[in-house]
Amino acid sequence: MKRVLLYGLICLIFFPLATKAKSSSRYLLIGGSGNNQVSIIDKTTLKELWSYPLEAGTECNSVDVTASGEILIAYRGGARLVNPENNTVVWDIKAPRTNELSSASVLPGGGFLLAWSGHPAEIMELDDTGKIRKTIPFDTGIDHLHSQFRQVIKNRKGNYLIPLMGKGLLVEIDGNGKQLSSVETGGNPFSALELKDGTIVVPCGDAHVVKQYRKGKEIRCLNQNDIEDISLLFVAEVAMCRNGNLLICNWSGHEADKDQPLVIELDAENRPVWVLPSGRGIGSVSTVKELTEKILKQKNILH
């Protein structure tokens, strides 16, 4: 209880620092491995504004939002696009029963990127209607499906970055599935975030660290206890805020310590400007995206 109160004080102390920077959204879309729903929360009040229930036994490790406000959800057995105004399903793509789908994102130029683990694993690009327009099979070299990968991204060069959890590697492949490069990250890399200057941010799971790379070389590492009064657990997705701050999903599924915050927002100096504390009935969080007030009003979530 003392830790929860401390995190609340951190929010009050540091949140004004964030407001001095470029405006950032106060709304987050969250989901998580072991969480039975996907939610939209208000960062200021910590209230849940919207939720979408997930079927028993599913596992959400990717959420995203389209420009028009539809919510993209990966649920291990597939991926679906949901209209949050009435929770209707726009489209739903099922993974083969022998595969696991953990990666689903909205492509900047339109359409969607999905990836499921398997033998072989496959990356799929979809058009705006959910029709598959391109499929890229590739071999991860990892037998166990759940150890292959979580989130795959398409970089600015048009190639694909795949964090291989079971190998502690970040690999880059082209549109034909040919491996172009690899970087040893250690740990269990969960995702990759490409910044505007070409830096790649990699959260490394049970290694309890977040690393940054430029041109294949490690340039920075955020260690488990580098954030004052906070400990990094299994570091899942990291996402960029509009104001340049970093959101870190602090997943507790492998740890006895359930008192650490679920999501941490850091400024450029690695100072916590906001946290989502545990113990509020929200559930574990391994994936996060910022949402704008405009989108929430467009979908009648805010009035």
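1. In this predicted model, four strands form an open sheet in the order β3-β2-β1-β24, and their pairing is antiparallel. The edge positions are taken by β3 (48-53) and β24 (287-291); each has a single partner strand, so one side of each is left without a neighbour in the sheet. From one strand to the next, the twist averages 15°.

2. Within this sheet, strand β1 (residues 27-31) and strand β2 (residues 37-42) run antiparallel and are joined by four bridges. One residue pair can be named here: Tyr-27 has Asp-42, in β2, as its bridge partner.

3. The count of aromatic pairs comes to five. Among them is the pair of Phe-234 and Trp-251, with an edge-to-face arrangement: the centres are 5.4 Å apart and the planes make an angle of 80°. The two residues come from distant parts of the chain, 17 residues apart, with Phe-234 in strand β20 (residues 234-240) and Trp-251 in strand β21 (residues 246-251).

4. Are Phe-234 and Trp-251 buried or exposed? Both residues are buried. Together with Phe-190, Phe-234 and Trp-251 make up one aromatic cluster.

5. Two contacts between a basic side chain and an aromatic ring also deserve a place in this note. Lys-43 lies over the face of Trp-274, 5.2 Å from the ring centre. In the case of Arg-80, the charged end sits over the ring of Tyr-75, at 4.2 Å from the centre of that ring.

Terms used
Residues are numbered from 1 along each chain as its sequence is written. This is a predicted model: local features need pLDDT of at least 70, side-chain atom pairs count only at pLDDT 80 or more; totals for chains, interfaces and linings use all residues. Side-chain values use heavy atoms; hydrogens and water are left out. Rings of Phe, Tyr and Trp (its six-membered ring) pair if their centres lie within 6.5 Å; planes under 30 degrees apart count as stacked, over 60 as edge-to-face and the rest as tilted. Buried means under 20% relative accessible area, exposed over 50%, partly exposed in between (1.4 Å probe, protein chains only). A charge sits over a ring if NZ of Lys or CZ of Arg is within 6 Å of the ring centre and within 35 degrees of the ring normal. Two strands pair if DSSP finds at least two bridges between them. Axes are lines fitted to C-alpha atoms, for helices over the stretch in contact, and angles run from 0 to 180 degrees between N-to-C directions.
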